[in-house]
Amino acid sequence: MKALILNLGGTSTKIALCEDEKIILKETIRHSTEELEGFKKIWDQYDYRMASILSFLKINQLSISELDLFISRGPSVKPLESGVYEINEAMVTDAKSGEFGQHVCNLGCAIALAFAQENGKKALIADPPCVDEMIPIARYTGLPQITRHSYFQALSHKAFGRFIASKLEKDYRELSIVITHLGSGISCGTHKNGKVIDITNGLDGDAPFGMDRSGTLPAADWKKLIQSGNYTNEELDYMLNGGGGLMAHLGTNNGEEIERRIEQGDAKALEVFEAMAFQVSKAIGAAAGAMGGRPDAIGITGGLAHSKYFVDFIKKHVWWMAPIYVKPDIDELEALSSVCIPAYFGEIEIKDY
């Protein structure tokens with residue numbers, strides 16, 4: 001059995017070839033800013049991304065006809081419970097609509113389905129970012145017009161949860177684990193008995209501030225800023241997502257650069273970096289509180305988990321709660337293969353969209 005695995009990112013297309021249950025080939029195709037500037041909308045990139053994948057197949061002397069399964073990183077679609085899903089036309093339609101958010105990973109499910117239909121085979125996703133397992137009381141805010149939403153790096157969260165469970169020699173579904181993903185946005189989740197019952201939303205401004213996202217803001221002050229008339233809608237959107245967080249305070253979202261500044265004695269960089277780690281520490285405490293007891297473990301992952309300084313600050317604040325596991329890089333291709341391949345062989349349920 002041969003499977004093609006696709007993970008489309010903002011400036012890259014990651015591809016893997018899996019034979020039986022083992023990945024035997026990986027490649028990351030980089031896309032320059034200049035190449036991508038010509039595409040005004042995400043879906044304008046479809047033919048361009050398809051061509052890069054077909055080029056990979058040609059270079060490696062592979063044809064669509066000899067592949068048995070097509071796997072893609074999950075798209076932004078309607079809220080789903082965790083698991084493996086077969087891609088169908090309804091999923092692609094929702095991904096294209098933009099109703100649930102637009103990300104280049106949405107293209108992956110459409111490309112995988114096109115390959116599968118050409119070949120009469122299956123196309124699968126697993127744990128898309130719209131995984132929603134929040135308990136009802138976690139959704140409430142102080143206004144009935146506004147509810148909290150689940151949107152996070154579910155694929156890496158779930159894979160890391162299973163990894164921690166293996167280290168504890170337990171089943172993930174038996175454990176209570178707090179996991180935080182330190183990326184452009186920060187997600188901090190309460191994993192209880194295999195479900196993420198509460199999660200911060202680093203995309204929509206309901207979380208610690210991140211690399212370039214503002215996170216949670218004092219509502220009255222944000223209202224005043226909006227009403228000041230000094231900013232366009234586009235500028236306000238950019239403050240929330242892309243121009244907030246470390247970017248707003250320090251003019252960069254590069255953790256390594258910030259650490260260099262700190263080493264050179266930049267007091268402002270040190271204070272902002274610690275403020276972000278402080279907010280993450282508080283979010284971990286809140287996630288533990290949502291469990292009703294001490295967690296079995298705390299997990300820290302994502303790009304900023306490479307920063308020993310940042311992680312050590314968090315550890316100093318939460319060490320007393322539970323054992324801490326740090327794994328900066330969750331390989332999403334491996335994470336996809338680890339659940340989709342067993343699903344193909346009937347070992348895991350394939351759910352309908």
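Which side chains meet in a salt bridge at 3.3 Å, N to O? The first close-up takes that up, and every view here comes from a predicted model.

**View 1. Glutamate 66 and lysine 2 join up through their side chains.** The two side chains meet in a salt bridge, 3.3 Å from N to O. Lysine 2 belongs to strand β1, while glutamate 66 sits in the loop between α2 and β4, so this pair ties together parts of the chain that are 64 residues apart in sequence. Neither partner is tucked away: glutamate 66 is partly exposed at 31% relative accessibility, and lysine 2 is partly exposed too, at 23%. While you're looking at lysine 2, check across to β2, where glutamate 19 stands opposite lysine 2.

**View 2. Seven strands line up in an open sheet.** Reading across, the order is β3-β2-β1-β4-β6-β5-β12, and the pairing is mixed. Strands β3 (22-30) and β12 (350-351) are at the edges with a single partner strand each, so one side of each has no neighbour in the sheet. Zoom in on β1 and β2 and you'll find an antiparallel pair held over seven bridges. As a reminder, strands of a sheet pair through backbone hydrogen bonds, either parallel or antiparallel.

**View 3. Helix α2 lies across three strands.** The helix covers residues 46-59 and lies across β1, β2 and β3. Take β2 as the reference, and α2 runs at about 40° to that strand.

**View 4. Isoleucine 5 sits in the largest nonpolar core.** This core has 36 residues, and Ile5 and Ile71 are the ones with the most contacts inside it. Plenty of elements chip in: among those supplying at least two residues each are β1 (2-8), β4 (69-72), α5 (154-167) and β9 (195-199). The largest share, seven residues, comes from α12. Leaving aside residues up to four places away in sequence, isoleucine 5 touches Lys14, Ile15, Ala16, Cys18, Ile23, Ile71, Leu333, Leu336 and Ser337. There's also a second, separate core of 35 residues, which includes Leu8, Ile53, Met91 and Ala95. As background, nonpolar side chains tend to be buried together in soluble globular proteins.

**View 5. Aspartate 331 reaches lysine 26 from far along the chain.** The closest N and O atoms of this salt bridge are 2.3 Å apart. Aspartate 331 is in the loop between β11 (324-327) and α12, lysine 26 is in strand β3, and the two are 305 residues apart. Both ends are partly exposed: aspartate 331 has 31% relative accessibility, and lysine 26 has a relative accessible area of 39%. Keep Glu334 in the frame as well, since a network of salt bridges links Lys26, Asp331 and Glu334.

**View 6. Aspartate 312 and lysine 308 pair up within one helix.** Here the side chains meet in a salt bridge, 2.7 Å from N to O. Both residues belong to helix α11 (residues 308-318), and because they are four residues apart, about one helical turn separates them. Lysine 308 is exposed, with a relative accessible area of 59%, whereas aspartate 312 is partly exposed at 23%. If you go hunting for others, the count for this model comes to 13 salt bridges.

Conventions
Residues are numbered from 1 along each chain as its sequence is written. This is a predicted model: local features need pLDDT of at least 70, side-chain atom pairs count only at pLDDT 80 or more; totals for chains, interfaces and linings use all residues. Side-chain values use heavy atoms; hydrogens and water are left out. A nonpolar core is a set of buried Ala, Val, Leu, Ile, Met, Phe, Trp, Tyr and Cys residues joined through side-chain atoms within 4.5 Å. Buried means under 20% relative accessible area, exposed over 50%, partly exposed in between (1.4 Å probe, protein chains only). Contact means heavy atoms within 4.5 Å. Two strands pair if DSSP finds at least two bridges between them. Axes are lines fitted to C-alpha atoms, for helices over the stretch in contact, and angles run from 0 to 180 degrees between N-to-C directions. A salt bridge is a side-chain nitrogen of Lys or Arg within 4 Å of a carboxyl oxygen of Asp or Glu.
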